[in-house]
Amino acid sequence: MNFDLSPEQYLLEETVRGYLQKDQPVGRTLAAAEAAGSEPGWDGPAWKGLAELGLGGILVSEEHGGLGLGLLDAAVAAQALGYGAAPGPWIAHWLATAAIMHGGSQQQRSRWLPGLADGSLRASLIWDQRGTPVLGGRSADVMVLRRGDALALLTPDGMAAQALPGIDYTRPIDEVTVTGTPEPLDGADAELVRWVRGAGHTLVAADSFGGSLRVLEATVAYVKVRQQFGQLIGAFQAVKHQVADLAFLVEPCRGLYWYAAYAYDEGLPDAAAAAALAKAHLGDAYVQAVRDAIELHGGIGYTWECDLHVYLKRALLNREYLGDPESLRQELATLEFGAPVGGAT
Amino acid sequence: MDLSYGAQYEQFRTEVRAFLDENWNAAGAKDRAYVGDFRARAVRAGLIYRTVPVEFGGAGQEPDAMRAQVVREEFGRAKAPRELGGIGIALAVPTLLRWGTAEQKERFIPPTMAGTLRWCQGYSEPEAGSDLESLRTTAVLEGDEWVINGQKVWTSEASGAHWMLLLARTEPDTPRRAGLSYLLMDMSQPGVEVRPLRQITGSSEFSEVFLTGARTPADLLVGERGQGWTVSRTTLAAERTTLAAPETSAQLFASLVKLARRSERSGGRGLSDTRIRSELMKLRGWIEAQRYSALIQASRDTGDAPDLLQLLNKLVHTEVAMRVSRIALEVLGPAGYLDPQLSTPPGDERWLNQFFGSLGVAIAGGTSNIQRNIIAERGLGLPRDEAGATA
C-alpha cells in the first residue's frame, strides 16, 4: 500500500510549476489578459510552452500522439497549473480530447487527436449545465458538446461565440450559440458523459488545491518578512493562529483529489462520488483560503499589484464550473441517502 | 499510488481470519476468563501487543503498520478484543520499554500487560496546564527515597490506579524543562490523596491528586535526572495508529445518519432536511480528508520529527468532532434537553455525551490553540514566541 505520488508524478508537477514560474508568472498573465481586452488568443505563448511539455495530449493515447497517461497524472498537472494560475482552458481541452478519444470514430480520432495532442489545435467543452460557461470558446478549433447523455463535435463554423465579462483573467469565458449541425460522437454514451463530468470534478479540485497551496505558501513567506511594531508579524500569536488555520484548511485536502483520480484510473465504484466530494470541498476551501490569505497580507493584499486577487477570481470560477459545492452535496446526499422523503424540507 | 494491500498482506489477512474463526466466539465477549484466554492466544499468534518483546508478554514482532492495520480491520469485523485500553498500555509500557532499567521493565511491564497493574498520568498541575514546563511539584532525594510534594490535576484514571507516571521538579536550580525528572510512584500510601473531579458530563474520569510527603524509591527514576521532559514525550513510535482516528470518524458518521433517520421517523428534523443533508456532506468531506491524510502519513516515513500533515491531525480530529456534535444537536430535537446521566435507559440523548466530549477533544492533550502555535512554528517555520509552548 502506498498513497503517494510516484517520482515521475512529482517530476511532472515540478516541471510544469518551473515552466510557469520562469516563463509565465502571474503578473505577466494578468498584464497580457488586460492588454488584450476581450480579444482571444493572448494566451498563445503560454499554450505553446505548456504544449511543448506534452500537456496537450496528456490523456491522449500514444497511438494518437499523446502521452497516454492517466487521470492522476493529469490531476497532478492541473494542480501545478492551479498553483501557477496558468492561462488557458486546459481542463476543458483535456476533457474534450478524452471525450473524442473514448467516444469518437476512428476517423474523428485521426482527424482531431494528433493536433490536440501536440497543442497545434485547441478543444473546449460546451456543457449544458447552469454555471458552466465555455472556457476559451473563441480560441477553440473544436468543441465537444453535451446534450443530455450524448456528445457531439462542433467546429467554429457551426457556432457563434460571444465573450462574457469573466471575473477570472486567466481563463476567458464565452457564451456559445450552436448555429450549425453538430457531428455526433457515436461511441459516446451516458457512462462516458458521467466520466467526463467526474474527471472534470477531479481536475478542477486539483486546480483548486494547487491554488490554495500557492496562497498558503505566499502568506507564510509574507509574514516572515513583513515587520510591524518592531518585529516580524509572523511572531504575533494572532497571526500565527490564522496562518495555522489556513494550513489546516488546505493541507489535509490533497488526498481528496488524489483519491478521486486514482479511483477513476483503477475503475473503482466510488470514483464519481469521490470526485464530486473533492470538487465541493475544495471549491469552498479555495475561496476561503484566498480570502484568509488576502486578509493576512493586509492592505497590500487588497491591491491589484498583489497577485492574490488573480487566485481569488480563479477560485470563484472553479467553484461554479461543472457544479457548485451545494448542488454537488445535495447530489451526493441523494446518492447516499436516497431522495428526501415527502418534501419534508 | 497503490491502495491495494498486496498479496503478502492478503495472505496475512487470511491467516488472521482463520485464527479468529478458530479462537473467537463473540458469545463469550462478557466472559472475562474467555476473553483473557483469547488475548493470550492472540499474543502467541503475533497479532496483538505486536511490538512488545516476548519476555514482557508481547508478541515480539517487527513494527509493520500494514499488519497492524489488517489486525485492526479483521478484529473489528469479528468484534474481537484487541489490546487493553488505558494509560498503562498506551503510555507506561512504551515509556518503560524505551527508557526503563532492566529491573523496572521486569517489575512493571508484565503485570501492566496482564491488566492487573493500572496507571495514571501525573503531568498537569493547577498552574501548569498548557505551560507544562513550569510545573511545581517537587521531588527531593532524601537518603534512598524521593520525597514528593505538590498537586496534580486532570489526572485521568487516578481512581483505581495503582501507580503514577509522575513528572516532578528534581533540579530546583535548573529552569523549566531541564529541571524535570520522570518517576514511578505507588498510589497506595498516606501522602497521596485522590479527589475525583466531576466533569461537565456529570461523571468523573479524572481527578486532582494531592501529594504531601509522598515517597518513592530512588531507583524508580526513569531516564536520567533532568531528562524527565524527554521521557514524557515518548509515544508509540512503532505502528502509530494514525488510521484509527478516521475509522472512528466513519463509524460516528454512520451512527449520525441512523440518528437522523430515527429523528425523521419520530417527526423531527432528519435526513430529508436539505440543510442536514448538506451539513452531513460537508462533514463527509472532512472525514475523507482525514482518512486520506492518514493514508499519506502511513505511506511516508518522516522519522521522529512530525511533518505538517501530522501536526494538523488534532485540528482535523477536532473539526470532525465539532461538526458531528453540531449536526447531532440539530436532529436530536426534544432529546437535546434530556440528561443522559439521569434518564433510564438513556435514549438518543446519549449524543449529548458526544456533544460535550467534542470539547474535550479540543482541550485534552494540549489545547487547539497551543497546537496552532506548534503548527505555525514547527510546521511552517514562523518565528518562535518566547511564551509559546513549542516543545
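**A guided tour of chains A and B**

Begin by selecting A:Tyr257, which touches A:Ala75, A:Thr202, A:Ala205, A:Ala206, A:Phe209, A:Ala278 and A:Leu282, leaving aside residues up to four places away in sequence; two residues are in contact if their C-beta atoms, placed from the backbone, lie within 7 Å. The model is predicted: local features need pLDDT of at least 70 and side-chain atom pairs count only at pLDDT 80 or more, while totals for chains, interfaces and linings use all residues. Residues are numbered from 1 along each chain as its sequence is written, and chains are lettered from A in the order in which they are written.

Next, add A:Met143, A:Leu256, A:Ala260 and A:Val290: together with A:Tyr257, these touch the most other members of the largest nonpolar core, which has 159 residues. Such a core is a set of buried Ala, Val, Leu, Ile, Met, Phe, Trp, Tyr and Cys residues joined through C-beta atoms within 7 Å, where buried denotes 20 or more other C-beta atoms within 10 Å of a residue's own. The helix α10(A) gives the most to this core, with 17 residues; helices are DSSP runs (H or I, at least four residues) numbered from the N terminus. A second, separate core of 59 residues includes B:Ile48, B:Val71, B:Phe108 and B:Ala161.

Now display the contact between the chains, to which chain A brings 42 residues and chain B 43 residues. On the side of chain A that touches chain B, α8(A) gives the most, with 8 residues.

Finally, colour chain B by its domain assignment (automatic or from a database): domain 1 (6-78), domain 2 (119-228) and domain 3 (244-379). The centres of domain 1 and domain 3 of chain B, taken over C-alpha atoms, are 29 Å apart.

Notes: Helices (H or I, at least four residues) and strands (E, at least two) are DSSP runs, numbered from the N terminus. A residue is buried if 20 or more other C-beta atoms lie within 10 Å of its own, exposed if 12 or fewer, and partly exposed in between; C-beta atoms are placed from the backbone.
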